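Here is a walk through the empty spaces, the strands and the ring contacts of one protein. Have a look at the model first, then read on.

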Amino acid sequence: MPFVTAPNVGSPGETLSPAAARRTVLAAQGFADPRPAGPVTRRHLVRAIGRIRLLQLDSVNVAVRAHYAPLFSRLGSYDRALLDDAAWTHSARRPRLLAESWAHEASLVPLADWPLLLSGAKRPGWWSRYGALADREPGLVEDVLTAVKEIGPVGAGTLESVLGGPGTPRPPGASWWQRSQVKRICEYLFGTGQLTTGARVNFQRLYDLPERVLPPEVLARHPADPGESARALIRMAAAALGVATEPDLRDYYRLDAQRSKRAVAELVEAGDLEPVQVRGWRHPAYRHPAARTPRRIAGRALLCPFDPLIWERTRTERIFDFRYRIEIYVPERAREFGYYVFPSLLDDALVARVDLKADRAAGVLRVPGAFAEPGTDIPRVAAELAAELRLMASWLGLDAVWVGSRGSLHAPLQRALS
């Protein structure tokens, strides 16, 4: 079909109010359902990940690693070993469910999605700049692959020692390479799917060959067709977002812009996306046919900065009227809310922000700052937030919650916790 940009595709369709769009989004992300009443099982995990499709990985561990937090937000307290087993261990009784790949960013994704993300539908990641090094030093690529085959799963640091300096074992006939070059080639080979993550130890990625980690049926689908993959990824993004603009859909998996627009057009034509209008949204929107719009949303959650509900900041502002920026890289004196701030979701609104830090040595979940959004019901917000903070502290194995003196909500929150 001829190339058509997504904003001109399809009739305007139904018009949604901002509130209806917001409830649709929250339902798609799993916030319309109650948390499990009993212990969280692998079945609950599979269902939650099946909705949001990916868990972003990040090295920051101020409160909790980013990939654990979205499941806590949706399921409540759960054993983090459930996720570790699903991602990084394999046995006949409990097969691996997830793989690591570049999705939105470095992420855990269902195994079946791994070939789609390596198809060329996505725009190249930052690791692609190391392609010139790979072309210039094919011997280094071969040495890294040989070393991983012989000693993997293995960390980049060990590979740097093996290949980048005398006095340590190395593959027969291998040359000594600069250690920084070894690490760059590891990133490049991971980005292109020639290496994957066999395990993680203390969050360090241990590289392994895909054929030793991924099932044969997944490997057989690689390389996948880029156009077909783009449609599949946009379809999954639409299901995870409920209602979204084309740039929203594109951002979920960081797709190439032209492929995304073409995929949206083709999915609309096939009836797999429904064009809609949302009052107040500047761009046309698209709704997944299975999306539902509950009459109300009830519940609460703390959202880490890398939660898929809020990671696209302009979309967060458009849907929730909530301007959110992560301030990790802002000098302390210039921070408005804090170093690692979790927005607080109550029913269908983002009502507060809490700066969180897990003080593991003291056994305390610290809240240096707590800030209510304008117009919120302060007593109710404080009570619900206090309960959620207690739950998070217990989940993290901490004994207490401590609230500092920053923010409009700190005093009511202190009272609610006492």
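## The cavities

Let's start inside: helix H13 (residues 246-253) is the top contributor to the lining of the second largest cavity, giving 3 residues. This is a predicted model, where local features need pLDDT of at least 70, side-chain atom pairs count only at pLDDT 80 or more, and totals for chains, interfaces and linings use all residues. Residues are numbered from 1 along each chain as its sequence is written, and side-chain values use heavy atoms, with hydrogens and water left out. Helices (H or I, at least four residues) and strands (E, at least two) are DSSP runs, numbered from the N terminus.

The second largest cavity holds about 40 Å³ of space, and its walls are made by Leu241, Asp248, Asp251, Tyr252, Pro308, Trp311, Glu312 and Arg315. That lining splits into 4 nonpolar, no polar and 4 charged residues. (Ala, Val, Leu, Ile, Met, Phe, Trp, Tyr, Cys and Pro count as nonpolar, Asp, Glu, Lys and Arg as charged, and the others, Gly among them, as polar.) A cavity, on a 1 Å grid over the protein atoms alone, is a set of points where a 1.4 Å probe fits but cannot get out; a pocket is an open set with protein on both sides within 12 Å along at least five of seven lines, and lining residues have an atom within 4 Å of a point. Grid points are joined across faces, edges and corners, and a volume is the space filled by probe spheres set on the points.

There are 2 cavities of 30 Å³ or more, and the largest takes up about 60 Å³. Its lining includes Arg300, Ser344, Leu345, Val351 and Glu384. Strand E11 (300-302), E12 and helix H16 (378-395) each give two or more residues to this lining, with H16 providing the largest share, 4 residues. By class, the largest cavity is lined by 7 nonpolar, 1 polar and 3 charged residues.

## The pockets

The largest pocket comes in at about 420 Å³. It has 16 lining residues, and Ser59, Glu187, Arg200, Phe203 and Arg205 are the closest to its centre. Helix H8 (156-164), helix H9 (179-191) and strand E7 (204-208) each supply two or more lining residues, and E7 has the largest share with 3. The class split here is 7 nonpolar, 3 polar and 6 charged.

The second largest pocket has about 320 Å³ and 22 lining residues, with Trp102, Lys122, Arg123, Gly125 and Trp127 nearest its centre. Strand E3 (98-102), helix H5 (114-117) and H9 each give two or more residues; the largest share, 3 residues, is from E3. Its lining has 10 nonpolar, 7 polar and 5 charged residues.

## Strands and hairpins

E3 also belongs to an open sheet of 3 strands, in the order E2-E4-E3 with antiparallel pairing. Strand E2 (55-56) and E3 are the edges, each with a single partner strand, so one side of each has no neighbour in the sheet. E3 and strand E4 (residues 106-110) run antiparallel and share 5 bridges; strands pair if DSSP finds at least two bridges between them. Glu100 sits opposite Leu108 in E4.

Elsewhere, E12 and E13 run antiparallel with 6 bridges, and Leu345 has Leu350 in E13 as its bridge partner. Their hairpin has 2 residues between the strands, and Asp347 takes a positive phi near 55° there. E13 also pairs with E14, antiparallel over 7 bridges. In that hairpin, with 4 residues between the strands, Gly363 has a positive phi near 70°.

How buried is strand E13 (residues 349-359)? With 9 of its 11 residues buried, it is largely enclosed by the rest of the structure. (Buried means under 20% relative accessible area, exposed over 50%, partly exposed in between, with a 1.4 Å probe and protein chains only.)

## Rings and a charge

The model holds 11 aromatic pairs. Rings of Phe, Tyr and Trp (its six-membered ring) pair if their centres lie within 6.5 Å; planes under 30 degrees apart count as stacked, over 60 as edge-to-face and the rest as tilted. Phe337 and Phe371 meet edge-to-face, 5.0 Å centre to centre with 80° between the planes. Phe337 is in the loop between helix H15 (313-320) and strand E12 (341-346) and Phe371 is in strand E14 (residues 364-372), so the pair ties together parts 34 residues apart in sequence. Both Phe337 and Phe371 are buried.

Arg353 lies over the face of Phe337, 4.3 Å from the ring centre, and over the face of Phe322 at 3.9 Å. (A charge sits over a ring if NZ of Lys or CZ of Arg is within 6 Å of the ring centre and within 35 degrees of the ring normal.)
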